[in-house]
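Student: I have a model open and would like to learn how to read its features one at a time. Where do we begin?

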Amino acid sequence: MATYVITGTSRGLGFEILRQTSSDPKNTVIGLVRDKAYTDKKISEELSDRKNIHIFQADITSYEDLKKAAEETAAITDGKVDYLIANAGYVTTFDSFDPISVLDKNDPKGLAADMHKLIDVNVIGNIHFYTAFVPLLLKGTVKKAICITSGMSDVEMVNSLAIDTGALYSISKAAMNLVTAKFHAEYKDQGVLFLGICPGMVDVGAFDYGALTPHQMEGLQRLMGKFMSYAPHFKGPATPEKAIGDVIKTWDNATLEKNGGDYISHLGSKQWI
Ligand SMILES: NC(=O)c1ccc[n+]([C@@H]2O[C@H](COP(=O)([O-])OP(=O)(O)OC[C@H]3O[C@@H](n4cnc5c(N)ncnc54)[C@H](OP(=O)(O)O)[C@@H]3O)[C@@H](O)[C@H]2O)c1
């Protein structure tokens, strides 16, 4: 029996984390979303029998929203939470197909705007989320704060495969990895595990492949080719069900002593796919 607070449960991986964690009726699962009406409707259609799911409104870029959501959560959990799952993220496609200098040359203002949004959501939003909810986590039993990160932020992998696309997104995730380390430094003596986990590459319907231009398709195929040379078993993106099953196993096995402040893959290692 555990209590979870998960951000970004309206769709994608967040919805799958909500689905899997709430499959045990003894768990209490709180989802934070920007559009509560939309998510309530989706849950009533797809998970209607689950009485252990509670949805609260919070845009993670709003510290006020998060503080209010923490109060609403405390009111139904006796002030305690076992797991924080920082899943919500801005997954841009601005940088998906071209290297960083090409993006900058073609659209410097667009690059700056997208980078600012990535930092606002993927970095500052998660700092606000942890700050608002850590007091509840400190009163819980399990004390695990997990951020959904990306292997694209691993400098060693970027260098070894010469991955020149996804630059802005990767930079935001690398910054978040350091946020994880800083929260670890601050809270390890109070027994809280802060850890980033990458789910691998997962198909959440981000691309309408039929609508990609030949140039975009070429960029994507180049990246897939690099992933295949890195992991010959890689056949393409995993399903959310498989990836999140692996992520949950990884956070179940993670300990403060072994993994505190680190970022690892859904396989529990630095093997990203
Ligand atoms: N899919 C992958 O292959 C993959 C790989 C590595 C890491 N990740 C990470 O996994 C996480 C989930 O990604 P996904 O693939 O499921 O993407 P997704 O389908 O685009 O879902 C993103 C989620 O984040 C929410 N969100 C975005 N901005 C928000 C904000 N300001 N406040 C609150 N919620 C916000 C979205 O809510 P709305 O519905 O309101 O927009 C949505 O629920 C992200 O952190 C992503 O970086 C994904």
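**Reading the model**

Tutor: Gly 166 counts as buried, at 7% relative accessibility. Keep in mind throughout that this is a predicted model.

Student: Where does Gly 166 lie?

Tutor: Gly 166 belongs to the loop between α6 and α7. The cut-off for buried is under 20% relative accessible area, so the 7% of Gly 166 qualifies. As for its place relative to the start of the chain, Gly 166 and Met 1 are 165 residues apart along the chain, and their C-alpha atoms are separated by 38 Å.

Student: How far apart in space are Thr 73 and Pro 99?

Tutor: Sequence separation and spatial separation should be read as two numbers. Thr 73 and Pro 99 are 26 residues apart in sequence, with 42 Å between their C-alpha atoms. Thr 73 sits in helix α3 and is buried, its relative accessible area being 0%.

Student: Next, the sheet. What is the order of its strands?

Tutor: A sheet is read strand by strand, from one edge to the other. Here the sheet is open and has 7 strands, in the order β3-β2-β1-β4-β5-β6-β7, with parallel pairing. Its edge strands, β3 (53–57) and β7 (263–265), each pair on one side only. On average, neighbouring strands of this sheet are turned by 20° against each other, direction ignored.

Student: Is strand β5 enclosed or open to the outside?

Tutor: Count its buried residues. In β5 (residues 144–148), 5 of the 5 residues are buried, so the strand is largely enclosed by the rest of the structure. Side-chain direction is a separate matter: Lys 144, Ile 146 and Ile 148 point one way from β5, while Ala 145 and Cys 147 point the other way, and all are buried.

Student: Which strands pair with β5, and over how many bridges?

Tutor: Take each partner in turn. Strand β4 (residues 83–86) pairs with β5 in the parallel sense over 4 bridges. Within that pairing, Tyr 83 stands opposite Lys 144, and Leu 84 stands opposite Ala 145. Strand β6 (residues 193–198) also pairs with β5 in the parallel sense, over 5 bridges. There, Ile 197 of β6 is the bridge partner of Ile 148.

Student: How many residues of strand β2 are buried?

Tutor: The same reading applies. In β2 (residues 28–33), 5 of the 6 residues are buried, so this strand is largely enclosed by the rest of the structure. Strand β1 (residues 3–7) runs parallel to β2 and is joined to it by 5 bridges. In this pair, Thr 3 stands opposite Thr 28 of β2.

Student: Now the ligand. Which residues around it come nearest?

Tutor: Start with the shell, then look at individual contacts. Of the 25 residues around the ligand, Ser 10, Arg 11, Leu 13, Arg 34 and Tyr 169 come nearest. By class, the shell has 12 nonpolar, 9 polar and 4 charged residues. Helices α1 (12–21) and α7 (167–187) each supply at least two residues of this shell.

Student: What distances separate Arg 11, Arg 34 and Gly 89 from oxygen atoms of the ligand?

Tutor: For each contact, note whether the protein atom belongs to a side chain or to the backbone. Arg 11 places a polar side-chain atom 2.8 Å from an oxygen atom of the ligand. For Arg 34, a polar side-chain atom lies 2.7 Å from a ligand oxygen atom. With Gly 89, a backbone N or O atom lies 3.2 Å from an oxygen atom of the ligand. Taken alone, the ligand exposes 890 Å², and the protein buries 89% of that.

Student: Last, backbone angles. What sign of phi do most residues other than glycine have?

Tutor: Most residues other than glycine have a negative phi. Asp 78 is not a glycine, yet has a positive phi of about 60°. Asp 78 is in the loop between α3 (63–77) and β4, and counts as exposed at 62% relative accessibility.

Student: What is the phi of Ala 162?

Tutor: Ala 162, not a glycine either, has a positive phi of about 50°. Ala 162 is located in the loop between α6 (155–161) and α7. With a relative accessible area of 46%, Ala 162 is partly exposed.

Methods:
Residues are numbered from 1 along each chain as its sequence is written. This is a predicted model: local features need pLDDT of at least 70, side-chain atom pairs count only at pLDDT 80 or more; totals for chains, interfaces and linings use all residues. Side-chain values use heavy atoms; hydrogens and water are left out. Buried means under 20% relative accessible area, exposed over 50%, partly exposed in between (1.4 Å probe, protein chains only). Two strands pair if DSSP finds at least two bridges between them. A residue is near a molecule or strand if one of its heavy atoms lies within 4 Å of it. A polar contact is a pair of N or O atoms within 3.5 Å; within protein, one must be able to donate a hydrogen and the other to accept it, and residues adjacent in sequence count only if both atoms are side-chain atoms. Accessible areas come from the Shrake-Rupley method with a 1.4 Å probe; for residues, only the protein chains shown count as cover. Ala, Val, Leu, Ile, Met, Phe, Trp, Tyr, Cys and Pro count as nonpolar, Asp, Glu, Lys and Arg as charged, and the others, Gly among them, as polar. Axes are lines fitted to C-alpha atoms, for helices over the stretch in contact, and angles run from 0 to 180 degrees between N-to-C directions.
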